[in-house]
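I opened my notebook for a slow look through a new structure. Come along and check each entry against the picture.

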2 protein chains.
Amino acid sequence: MGSIGEEIKQKEFANEYSKLLINVLYTASWLNGLQSSVFKEHKLTPQQYNSLRILRGQYPEAASVNLLKDRMIDKMSNVSRIIDKLKAKELVTRKPCKHDRRQVDIKITDKGLMLLEVIDEQMVDWEKNLHTISVKEAAATNALLDKWRS
Amino acid sequence: MGSIGEEIKQKEFANEYSKLLINVLYTASWLNGLQSSVFKEHKLTPQQYNSLRILRGQYPEAASVNLLKDRMIDKMSNVSRIIDKLKAKELVTRKPCKHDRRQVDIKITDKGLMLLEVIDEQMVDWEKNLHTISVKEAAATNALLDKWRS
DNA sequence: TACAAATGTATGTTTTTACACTAAGTGTAG
DNA sequence: CTACACTTAGTGTAAAAACATACATTTGTA
C-alpha cells in the first residue's frame with residue numbers, strides 16, 4: 001500500500017534513481033499540501049513561515065535579505081516581496097543597516113514570535129502524522145538524502 | 001559536506017522527523033531547480049513535462065483531465081490550463097469524448113512525442129548526477145519514503 | 001582619487017498557482 | 001419522465017513565483 005508506483009499509477013520506472021526523483025518530488029508535494037492546511041488559517045504561505053522561522057533563529061539579531069535567501073528551503077524565492085507581506089502583517093520590521101547601507105536589517109516582531117508559538121503548538125500535533133516510521137528509519141532517510149545530494 | 005543542517009545553516013532540529021520534513025522539501029526544491037534548467041531550453045514547466053509524460057504513457061489512447069490530475073505529481077495543479085499551454089504549442093490535442101460529453105480526450109501529438117524523446121536523451125545524462133548513492137541505497141530510500149507517507 | 005566590478009536589494013513584467021465558482025452532462029430514485 | 005445529486009471540465013480573480021533588469025552602495029585596484 002502507498003508505494004509511489006501506486007500513488008501515481010505508474011507501473012514501471014527506468015531505475016531506482018528516477019523512481020527516487022519522482023518519489024521525493026511527490027512526497028514534497030504531499031507534505032506541502034499537509035502543511036499548507038495548517039498555515040492557511042494563519043494566512044501564511046510556506047515560504048513566509050520559513051522566513052519567520054529563520055528570523056526567529058536569528059532573534060534578537062536582525063537578518064539581511066541575503067542571509068534569509070541563503071537559508072530558505074526554496075532558494076529561488078523572492079525574499080524582498082516575502083518580507084513586504086510579512087511587514088504588512090506587522091510580523092517583521094525592516095530598517096536600513098547602519099554598517100552597510102545597501103543592506104536592510106530584518107527582524108521578527110513580538111507579534112511574529114507569538115504567531116510562531118501558536119503555530120508551533122499545532123505543528124507538534126500535526127507532526128505526529130509523520131511518525132509512521134521509527135526514529136532510526138527517519139535518521140537513515142535523512143542520511144541517505146544528504147548523501148544523495150552530495 | 002552537504003547535510004541538510006549545513007545547507008540551510010540550521011544547527012538543530014527538534015527531532016529526526018522534523019529534520020526529514022525539511023530535508024525532503026529541500027531536496028525536492030534542489031531537484032526542481034536542476035530539472036528546470038533542462039526543461040527551460042524547451043520552454044516547458046515541470047508540470048507540463050509531467051503531463052506530457054503521462055500522456056505518453058497512455059498513448060495511443062487518450063486521457064481525460066481527471067486521469068491526468070490523478071497521476072500528476074502535484075495534485076493541486078490546474079490541469080485545464082496546463083493543457084491549454086501544451087495545446088498552444090501543438091504538443092497535445094483536445095477533443096470532446098464521445099461516450100461522455102462531460103469529458104475531453106487529451107492526446108499527445110507526434111510533435112509532443114518527438115519533444116519527449118529529445119528530452120529523454122538529455123535526462124539520461126542529467127540523471128547521472130543522481131548516482132551518488134548505490135542502487136541499493138536508492139531502493140532503500142524509496143521504500144522508506146513510501147512507508148513514511150503511509 | 002577615480003573608476004570598473006561586485007554586491008545587496010528592489011521592481012516590472014509575465015506566467016503560474018490557489019481557490020472559489022460556474023456550467024454542462026450524467027445517473028438514478030421516485 | 002422529472003427532479004435532484006453528483007461528476008467533469010473550465011473560468012475569474014487575486015496572490016505568488018519566475019526571471020530579467022535597475023539602482024544604490026561598497027570594494028578592489030590602478
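Here are my entries, beginning with the DNA and ending with the backbone.

**Entry 1: the model**

I noted at the start that this is a predicted model.

**Entry 2: DNA strand D**

I began by asking which residues come closest to DNA strand D. I found 21 residues around the strand, and the closest are A:Arg102, B:Asn66, B:Ser80, B:Arg81 and B:Arg102. So that I could picture the surface by class, I looked up the split: three nonpolar, nine polar and nine charged residues.

Next I wanted to know what part of the strand faces the protein. Among the atoms of DNA strand D within 4 Å of the protein, 70% are in sugar or phosphate, and the rest are in bases.

Then I looked up single contacts. At the phosphate, a polar backbone atom of A:Arg101 sits 3.1 Å from an oxygen of DNA strand D. At the bases, B:Arg81 has a polar side-chain atom 2.7 Å from a nitrogen. B:Arg102 also reaches a base, with a side-chain N or O atom 3.1 Å from an oxygen.

I also traced the helices on this side. Chain A brings helix H3 (46-58) and helix H5 (79-88), while chain B brings helix H4 (65-71) and helix H5 (79-88), and each of these supplies at least two residues of the surface near DNA strand D.

**Entry 3: DNA strand C**

I turned to the other strand and asked how many residues surround DNA strand C. There are 21, and A:Asn66, A:Ser80, A:Arg81, A:Arg102 and B:Arg101 come nearest. The surface near DNA strand C is made up of three nonpolar, nine polar and nine charged residues.

For DNA strand C, 67% of the atoms within 4 Å of the protein belong to sugar or phosphate, and bases hold the rest.

I wrote down three contacts here. A:Arg81 places a polar side-chain atom 2.6 Å from a base oxygen of DNA strand C. B:Arg102 has a polar side-chain atom 3.0 Å from a base nitrogen of this strand. B:Lys85 goes to a phosphate instead, where a polar side-chain atom lies 3.3 Å from an oxygen. The elements giving two or more residues to this surface are helix H4 (65-71) and H5 of chain A, along with helix H3 (46-58) and H5 of chain B.

**Entry 4: two helix crossings in chain A**

I looked up how H3(A) meets helix H6 (residues 110-126) of chain A. Their axes come within 11 Å and cross at roughly 110°. Angles of 65 to 115 degrees count as roughly perpendicular, so H3(A) is roughly perpendicular to H6(A). The crossing is left-handed.

From H3(A), the residues in contact are A:Tyr49, A:Leu52, A:Arg53 and A:Arg56, and their partners in H6(A) include A:Leu113, A:Glu117, A:Ile119, A:Asp120 and A:Met123. By class, this contact has seven nonpolar, no polar and four charged residues.

H6(A) came up again with helix H2 (residues 16-40) of chain A. Here the axes come within 10 Å and cross at roughly 140°, which makes H2(A) oblique to H6(A). This crossing is right-handed.

In this contact, H2(A) uses A:Leu31, A:Leu34, A:Gln35, A:Val38 and A:Phe39, and H6(A) uses A:Ile119, A:Gln122, A:Met123 and A:Trp126. I sorted them into seven nonpolar, two polar and no charged residues. I marked A:Ile119 and A:Met123 in my margin, since they appear in the contact with H3(A) and in the contact with H2(A).

**Entry 5: the backbone**

I reminded myself of the usual pattern before checking: most residues other than glycine have a negative phi, and most peptide bonds are trans.

Which peptide bond in chain A is cis? The bond from A:Tyr59 to A:Pro60 is, with omega near 5°. I located A:Pro60 in the loop between H3 and H4 of chain A. In chain B, a cis bond joins B:Tyr59 and B:Pro60, with omega about 5°. B:Pro60 is in the loop between H3 and H4 of chain B.

My last check was B:Lys9, where phi is near 55°, a positive value in a residue other than glycine. I found B:Lys9 in the loop between helix H1 (4-7) and helix H2 (16-40) of chain B.

Methods:
Residues numbered from 1 in each chain as written. Chains lettered and ligands numbered in written order. Predicted model: local features only at pLDDT ≥ 70, side-chain atom pairs only at ≥ 80, totals over all residues. Heavy atoms only, no water. Near = heavy atom within 4 Å. Polar contact = N/O pair within 3.5 Å; in protein donor to acceptor, adjacent residues only side chain to side chain. Helix = DSSP H or I, 4+ residues; strand = E, 2+ residues; numbered from the N terminus. Nonpolar A, V, L, I, M, F, W, Y, C, P; charged D, E, K, R; others polar. Axes fitted to C-alpha atoms, helices over the stretch in contact; angles between N-to-C directions. Parallel < 35°, antiparallel > 145°, perpendicular 65-115°, else oblique. Left-handed = near helix turned anticlockwise from the far one by under 90°. Contact = heavy atoms within 4.5 Å.
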